[in-house]
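Hello,

Here is the structure I promised to pass on to you. Please open it beside this message, and then read on for what was found in it.

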Amino acid sequence: LKSRHIYISKHFTGMERLLMQIFLVINNLMFDYLIPAFVGLILFMIPHGRVYLFLYIYLLGYYCRAIKRRTWLLEPRSVNFPTK
């Protein structure tokens, strides 16, 4: 998922980049991972079903941190992560 954001950041500019990033977030949250997460919620006792639910929760956290920090690409493990 992160590589998709990196690709958009490198190959698009301005409003086009912003719209592509927003489309990617909506696509990931609503279409690619929501249904498997819902199934994972129903089948929580099955380990394979739980994975999709936890993945969706992680994805929500990732996007919340990206919005808070105003960056899509930097994670605490990144070499370019700003330290305070």
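In this predicted model, the contact between α2 and α4 is made by Leu24, Val25, Asn28 and Leu29 on the α2 side, which meet Tyr56, Leu59, Leu60 and Tyr63 on the α4 side. Two packed helices are described by the angle between their axes and the distance between the axes. For α2 and helix α4, which spans residues 47–69, the angle is about 160° and the axes lie 10 Å apart. Because angles over 145 degrees count as roughly antiparallel, α2 is roughly antiparallel to α4. As you turn the model, you can also look for the handedness of this arrangement, since α2 passes α4 in a left-handed crossing.

A second pair of helices involves α2 as well. Helix α1, made of residues 2–11, has an axis that comes within 9 Å of the axis of α2, and the two cross at roughly 165°, so that α1 and α2 are likewise roughly antiparallel to each other. Here the contact is made by Arg4, His5, Ile8 and Ser9 of α1, together with Arg17, Met20, Gln21, Leu24, Val25, Asn28 and Asp32 of α2. The crossing of α1 and α2 is right-handed, whereas that of α2 and α4 is left-handed. If you compare the two contacts, you will find Leu24, Val25 and Asn28 of α2 in the list for α1 and again in the list for α4.

Tyr63 also takes part in something else. The structure holds 1 aromatic pair, and it is formed by tyrosine 62 and tyrosine 63, whose ring centres are 5.3 Å apart and whose planes stand at 55°, so the pair is tilted. Are these two residues buried or exposed? Tyrosine 62 is buried, with a relative accessible area of 4%, and tyrosine 63, at 3% relative accessibility, counts as buried too.

As for the chain as a whole, it has 4 helices and 0 strands, and 23% of its 84 residues count as buried. Among contacts between residues at least 6 apart in sequence, 40% join residues at least 24 apart.

Please keep the confidence values in mind while you read the model: the mean pLDDT of the protein chain is 79, and 85% of its residues reach 70 or more. Among the elements, helix α2 (residues 14–32) has the highest mean pLDDT, at 87, while helix α3 (residues 34–42) has the lowest, at 77.

Best wishes

Technical notes: Residues numbered from 1 in each chain as written. Predicted model: local features only at pLDDT ≥ 70, side-chain atom pairs only at ≥ 80, totals over all residues. Heavy atoms only, no water. pLDDT = per-residue confidence, 0-100. Phe/Tyr/Trp six-rings, centres within 6.5 Å; stacked < 30°, edge-to-face > 60°. Buried < 20%, exposed > 50% of the residue type's maximum accessible area, 1.4 Å probe, protein only. Axes fitted to C-alpha atoms, helices over the stretch in contact; angles between N-to-C directions. Parallel < 35°, antiparallel > 145°, perpendicular 65-115°, else oblique. Left-handed = near helix turned anticlockwise from the far one by under 90°. Contact = heavy atoms within 4.5 Å.
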